There are 2 protein chains.
Amino acid sequence: MTTARQLSAPVPPGGMIGILGGGQLGRMLALAAARLGLKAHIFSDVAEAPAFQVSDRHTVAAYDDRAALIDFAAHCDAITYEFENVPARTAAVLAGLKPTYPGARALAVAQDRLEEKTFLKSLGLGTAPFAAVSSVEEARAAFAALGSGPAVLKTRRLGYDGKGQAKVTSANDAAQAFEHFHGAASILESFVDFAFEASVIGARGIAGDFAAYDPPENQHEHHILKRSIVPGKLTGAEGDEAKAIARKVTEALGYVGVIGVELFVTAAGGLLVNEYAPRVHNSGHWTLDACAVSQFEQHIRCVAGWPLGDTARHSDAVMENILGEEAAGWQKLSASGGALHLYGKADIRPGRKMGHITFLSPRPRPR
Amino acid sequence: MTTARQLSAPVPPGGMIGILGGGQLGRMLALAAARLGLKAHIFSDVAEAPAFQVSDRHTVAAYDDRAALIDFAAHCDAITYEFENVPARTAAVLAGLKPTYPGARALAVAQDRLEEKTFLKSLGLGTAPFAAVSSVEEARAAFAALGSGPAVLKTRRLGYDGKGQAKVTSANDAAQAFEHFHGAASILESFVDFAFEASVIGARGIAGDFAAYDPPENQHEHHILKRSIVPGKLTGAEGDEAKAIARKVTEALGYVGVIGVELFVTAAGGLLVNEYAPRVHNSGHWTLDACAVSQFEQHIRCVAGWPLGDTARHSDAVMENILGEEAAGWQKLSASGGALHLYGKADIRPGRKMGHITFLSPRPRPR
């Protein structure tokens, strides 16, 4: 394997940032790059990806199309991605050609729930108790080992938004869920009876500097983020602890870029890390409207080797996702006084993230 | 001349907004359209225009290329422009094909300083005393008629950023300046000994609704805007008067879109209208970072027939233009704590608007 290339100097204005993935995150990254005078080249395996509409160049090809990746890298000064399931070989090809951030280890760990939990635990961070499951027998044994309380079986790879997850309340359940996953390597985690969910959006620059936004409280519906609230219930010393967790994770990974760390907060105020996303995160969308520098610009700053921007918040914010058919209500939403963001997706599908809207408060100075 | 088409319904997300002109204003309009899920098609007579980098489609052709205009219009749901000197025939061709805002009258009046001043005066608004100049004799006579005090001779058409303007202090000066302009039809205006300059960024929607941002105080250097400050010295009743002026102008023009009205404020607090720009305006760039809805989004909302957004300001702001060689200092600027905007222009030229930076205050909640 070739050595990963590193930036030797910041990418200057006019430079090209390559972005793997052309969904709403790639789109908002491209818009943020534009603000800094940088161009974006989107690589997507989907024709007509939303990010193409706002980028200087785009490539439509499979993520394992080596020739297309090489051509893409030739046009880019630095490369990043909008999703964590970038194939390891793809990341390796790109990293050998152009500085690619975050690096391979952050991706590899995030792609495997068992590796991820093991890594988090090794840092001394709190997680739900967990056990590996690679057979029906292990499923039953793991359920017992975790104390026979309610638990969640998750496939180790490729799960998101509640997909590849099943709640289990008996050893039989656990065995059946494993079979339902077609025997895919899995992890059983004790069910966390959390008081609420939160996250922290941190950023680590190329020089190792770190900054985090105030941690939002997150509300999910049907396993999909519905609402992020800042400030939420995670404030003061607990909020600082959340930021320290993100810092610890990024330092241990030698991370460059924005990271989203998802947390469970227990009734006693304990913070358990659920998982991290090695990318910009849905629960950070409010930063577009409530901060001078958004998570998207912050990520581009990291990837381009620029200094981190200010993460201070000028307004309180409630961000709501616009999911599926809710997007048909765009006229009403556009008149609601919120800051509306629509993602340029042609087709409405149930649960699909079509946009978001952020309400700022206090509604400020009189006009 | 064909009738100008009007929008019969709002352009829905996914629709295409046509924008004549591909400079920084077109670029920021395209970025604002993207935020609302709308696509942008840029028409520019310059290859590699900055706005192309962030738009879905673009056309490079002369503004009088009728076939290119017709093809452009065929791809658009509504059309607007980033500059006031759109040729009248161009605007007429487009307006006959697709809803084009602001309308022909707003353009025509703005393109002729004599018509513009006459129009403003007819509304009962204060302006500097002025007189038409179309000959050397008229230049001398006008100077005398205005009281023989210092005055400014301006060509009626195509002046901007101090070009086509000369300060004169005698009848001979006035005559010479007119000759220096090669006898171009001109207007002589009494020099206004203003206390400061200000502007108001207003918006009129397709239903006739109106909203304005708080008026910035503007500081110019070498006839180019250097700094806009909000709140500046124009506040309270005077600020309300400024907004009322913008409203009056837009109503008289049957205007749709964002307008920038430039004002001189005298030591006694009187407001004199210098000119209006039928487009988004440099002195409104701070709205990108200090308001939930920027002037660019506001303009797109108007052109697409959407409701006006909230013009409330969540932060105080100082916007500084980054001119010419100042852009070479992008690394320092990127670390200054301001919200940095660079325009994707490849070549630095003296005085060229390369970007801007907005500093928000009070620097808000502690992190």
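**Close-ups of a two-chain predicted model**

**View 1. Chain A lies on chain B with an RMSD of 0.0 Å after a turn of 180 degrees and a shift of 0.0 Å along the axis.** That's the relation of a two-fold axis. In chain A, the C-alpha of A:Val54 sits nearest the axis, 2.1 Å from it. The superposition is by least squares on C-alpha atoms of residues with pLDDT of at least 70 in both copies. A quick note on the model: it is predicted, local features need pLDDT of at least 70, side-chain atom pairs count only at pLDDT 80 or more, and totals for chains, interfaces and linings use all residues. Residues are numbered from 1 along each chain as its sequence is written, while chains are lettered from A and ligands numbered from 1 in the order in which they are written.

**View 2. Here 42 residues of chain A are in contact with 42 residues of chain B.** (Contact means C-beta atoms, placed from the backbone, within 7 Å.) On the chain A side, helix H1 (24-35), helix H11 (330-334), strand E16 (339-342) and strand E17 (353-361) each chip in at least two residues; helices (H or I, at least four residues) and strands (E, at least two) are DSSP runs, numbered from the N terminus. E16(A) gives the most to this side, with four residues. The copies meet through the same surface, because 100% of the interface residues of chain A are also interface residues in chain B.

**View 3. In chain B, helix H6 (residues 136-145) packs on helix H7 (residues 171-180) at an angle of about 140 degrees, with axes 8 Å apart.** Axes are lines fitted to C-alpha atoms, for helices over the stretch in contact, and angles run from 0 to 180 degrees between N-to-C directions. That makes H6(B) oblique to H7(B) (under 35 degrees is roughly parallel, over 145 roughly antiparallel, 65 to 115 roughly perpendicular, the rest oblique). Among the residues making the contact are B:Val136, B:Phe143 and B:Ala144 from H6(B), with B:Ala171, B:Phe178 and B:Glu179 from H7(B).

**View 4. Helix H10 (residues 295-303) of chain B is largely enclosed by the rest of the structure, because nine of its nine residues are buried.** Buried means 20 or more other C-beta atoms within 10 Å of a residue's own, with C-beta atoms placed from the backbone. Even B:Glu297 and B:Arg301 are on the buried list, along with B:Phe296 and B:Ile300. The buried residues of H10(B) pack against several chain B elements, including strand E1 (16-20), helix H1 (24-35) and strand E13 (257-266). Just after H10(B), B:Gly305 takes a positive phi of about 75 degrees.

Note on methods
Two residues are in contact if their C-beta atoms, placed from the backbone, lie within 7 Å. A residue is buried if 20 or more other C-beta atoms lie within 10 Å of its own, exposed if 12 or fewer, and partly exposed in between; C-beta atoms are placed from the backbone.
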